[in-house]
Amino acid sequence: MLDYPQFKLPEFLLDKTYLEDVICTALNLIFFHRALGPVKLNHMRCERLPKITQLRCGEPQVDKDIKKLIDNINNDPNMINCSSLQISLKFMEEQPTTLLQFFKPKLKVFEEWLLLFQFGLSSLDKTQDEFTHMLNKIIDIATANYDHFDEQFDQSQQKPLKYPYELTFNFQ
């Protein structure tokens, strides 16, 4: 049994053509709502989903890690034959340290987000409609579980990224 909440978003039928737009947009939205301090937001249209406006959180490390994740997914030889994909985004916080842990703080997961994609053919309109539903679900979950973040953010630090994270994927 997990000792942290796991937010499992509804499975999403996805044509691999839209993979980059969907992953990038969904993860940026989660980062924005769950782990960022003061940032300058960027809005841009998705490349392949014209009805969707992407919120980019503007944190260079997040952008780099999301791009690396997408590249790893696209370049994985298992991608050709897989029928589904699961992406996990875990947020962690530092635990109180002892002298022995001074150089490497102990991190504890306090929340995990799971994005589940079933690969298949889907029309552009249906993909955009289902994806809009998924984005609204992310906002609903983030709003309902905001307490952890509101209490712990220290404005004086002015760090855009408040929490360490781990971003992984696996094919099924």
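## Helix 1

Helix 1 covers residues 19-34, which gives it 16 residues. From its first C-alpha to its last it reaches 22 Å. That is close to the 22 Å expected at 1.5 Å a residue. The model is a predicted one. Most of helix 1 is covered, with 13 of its 16 residues buried.

Ile30 sits in helix 1. Its relative accessibility is 0%, so Ile30 counts as buried. Trp113 is 83 residues away from Ile30 in sequence. In space, the two C-alpha atoms are 8.4 Å apart.

## The overall layout

The protein holds 4 helices and 7 strands. Along the sequence they follow the pattern β-β-α-β-β-α-β-β-α-α-β. A strand therefore stands at each end of the pattern, by the order of these DSSP runs from the N terminus.

The protein has 172 residues, and 44% of them count as buried. Contacts across the sequence can be sorted by separation. Among those with a separation of 6 or more, 79% join residues 24 or more positions apart. The protein exposes about 9900 Å². Carbon and sulfur atoms supply 51% of that area.

## The second largest pocket

Rolling a probe the size of a water molecule over the atoms shows where empty space is left. The second largest pocket holds about 220 Å³ of space. It is lined by 15 residues. Closest to its centre are Glu20, Asp21, Cys24, Gln54 and Arg56.

Which elements each supply at least two residues of this lining? They are helix 1, strand 3 (42-45), strand 4 (53-56) and helix 2 (60-75). Helix 2 gives the largest share, with 5 residues. By type, the lining divides into 9 charged residues, 5 nonpolar and 1 polar.

## Leu167 in strand 7

Leu167 belongs to strand 7, which runs over residues 165-171. Is Leu167 buried or exposed? Its relative accessibility is 17%, and buried means under 20%, so Leu167 counts as buried.

Leave aside the neighbours within four places in sequence, and Leu167 is in contact with Leu27, Asp65, Ile66, Leu69, Ile87, Ser88 and Leu89. Leu27 is a residue of helix 1, which spans 19-34. Asp65, Ile66 and Leu69 fall in helix 2 (60-75). Trp113 comes up again here: it is 54 residues from Leu167 along the chain. The C-alpha atoms of Leu167 and Trp113 are separated by 9.7 Å.

## Leu107 in strand 6

Leu107 lies in strand 6, residues 107-119. Its relative accessibility is 37%. This value falls between 20% and 50%, so Leu107 counts as partly exposed.

Which residues does Leu107 touch, not counting those up to four places away in sequence? They are Met92, Glu93, Glu94 and Pro164. Glu93 is 14 residues from Leu107 along the chain. The C-alpha atoms of Leu107 and Glu93 are separated by 5.5 Å.

## His133 in helix 3

His133 is found in helix 3, which covers residues 124-144. Its relative accessible area is 52%. Exposed means over 50%, so His133 counts as exposed.

How far apart are His133 and Phe12 in sequence and in space? They stand 121 residues apart in sequence. From C-alpha to C-alpha, the distance is 9.9 Å.

Technical notes
Residues numbered from 1 in each chain as written. Predicted model: local features only at pLDDT ≥ 70, side-chain atom pairs only at ≥ 80, totals over all residues. Heavy atoms only, no water. Buried < 20%, exposed > 50% of the residue type's maximum accessible area, 1.4 Å probe, protein only. Contact = heavy atoms within 4.5 Å. Areas by Shrake-Rupley, 256 points an atom, 1.4 Å probe, with all protein chains shown as cover. Expected span 1.5 Å × (residues − 1). 1 Å grid on protein atoms, 1.4 Å probe; cavity = no way out; pocket = protein on both sides within 12 Å on 5 of 7 lines; lining within 4 Å. Points joined across faces, edges and corners; volume = space filled by probe spheres on them. Nonpolar A, V, L, I, M, F, W, Y, C, P; charged D, E, K, R; others polar.
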